[in-house]
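This report describes the strand architecture, nonpolar core and selected local features of a protein chain. The sequence and structure are shown first, and the description follows.

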Amino acid sequence: YINMTLPMSPPDSVLKKIETYPNPSDGELTIKVNIDIETRCTLEIIDLNGKIIRTLHNGLIPAGSHQFRITLPQGTLFFAVLHTNEGLNYTKIVTK
């Protein structure tokens with residue numbers, strides 16, 4: 001479990017770093033991450049209780065745009081959380 005409290009609305013710079021589509025989703029979606037410089041990062045999917053559902057990446061990632069495909073249970077709210085040297089970035093995922 002991740003012990004954290006997510007702010008109600010992330011700063012604009014956060015939204016430029018990580019996107020999900022389609023959102024809401026029928027369960028299958030793509031997560032797009034834009035990295036300015038090569039960095040260590042962890043990209044995780046967590047539920048509302050902070051439980052890590054899946055780790056999509058953990059390690060060094062080069063600068064650029066990266067896409068990750070995932071299938072999640074329907075009818076649930078998740079967060080895609082990106083931990084980098086710069087801090088924590090996230091976006092909400094809704095499955096219908």
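## Aromatic pair, strands and core

One aromatic pair is present in the structure. In this predicted model, the ring centres of Phe79 and Tyr90 lie 5.8 Å apart with their planes at 70°, so the pair is edge-to-face; the criterion for that class is an angle over 60 degrees. Distant parts of the chain are linked by the pair, since Phe79 belongs to strand β6 and Tyr90 to strand β7 (residues 87-94), 11 residues apart. Phe79 has a relative accessible area of 14% and is therefore buried, the limit being under 20%. Tyr90 is likewise buried, with a relative accessible area of 5%.

The two strands that carry these rings are themselves paired: β6 and β7 run antiparallel and are joined by eight bridges. Within this pairing, Ala80 has Thr91 of β7 as its bridge partner. Both strands belong to an open sheet of four strands, ordered β4-β3-β6-β7 with antiparallel pairing. Because β4 and β7 each have a single partner strand, they form the edges, and one side of each is left without a neighbour in the sheet. From one strand to the next, the twist averages 15°.

Strand β2 takes part in two further pairings. With β1, it pairs in the antiparallel sense over four bridges, and Thr20 stands opposite Ile31 in β2. With β5, it also runs antiparallel, here through eight bridges, and Glu28 stands opposite Thr71 in β5. The table gives the residue ranges and bridge counts of these two pairings.

| Strand pair | Residues | Sense | Bridges |
|---|---|---|---|
| β1 and β2 | 18-21 and 28-35 | antiparallel | four |
| β2 and β5 | 28-35 and 64-71 | antiparallel | eight |

Strands β1 and β2 form a hairpin with six residues between them, and Gly27 in the turn has a positive phi of about 125°. The loop between these strands contains Pro22 and also Pro24. Each of these prolines follows a cis peptide bond: the bond from Tyr21 to Pro22 has omega near -10°, while the bond from Asn23 to Pro24 has omega near 15°.

The largest nonpolar core comprises 17 residues, and those with the most contacts inside it are Ile31, Val33, Leu43, Ile45 and Ile93. Two or more residues each are given to this core by β2, β3 (39-47), β4 (52-61), β5 and β6 (77-84). The largest share, four residues, comes from β2. Beyond its neighbours within four places in sequence, Ile93 is in contact with residues including Thr20, Asn23, Leu29, Ile31 and Ile45. Its other contacts of this kind include Leu72, Thr76, Leu77, Phe78, Phe79 and Ala80. Ile93 thus touches Phe79, a member of the aromatic pair.

A further buried position is found in strand β4, where Gly59 is located. Gly59 has a relative accessibility of 10% and therefore counts as buried. Apart from its neighbours within four places in sequence, Gly59 is in contact with Thr39, Arg40 and Cys41. The C-alpha atom of Gly59 is separated by 9.7 Å from that of Thr84, a residue 25 positions away along the chain.

Terms used
Residues numbered from 1 in each chain as written. Predicted model: local features only at pLDDT ≥ 70, side-chain atom pairs only at ≥ 80, totals over all residues. Heavy atoms only, no water. Pairing = 2+ DSSP bridges. Core = buried A, V, L, I, M, F, W, Y, C linked by side-chain atoms within 4.5 Å. Buried < 20%, exposed > 50% of the residue type's maximum accessible area, 1.4 Å probe, protein only. Contact = heavy atoms within 4.5 Å. Phe/Tyr/Trp six-rings, centres within 6.5 Å; stacked < 30°, edge-to-face > 60°. Axes fitted to C-alpha atoms, helices over the stretch in contact; angles between N-to-C directions.
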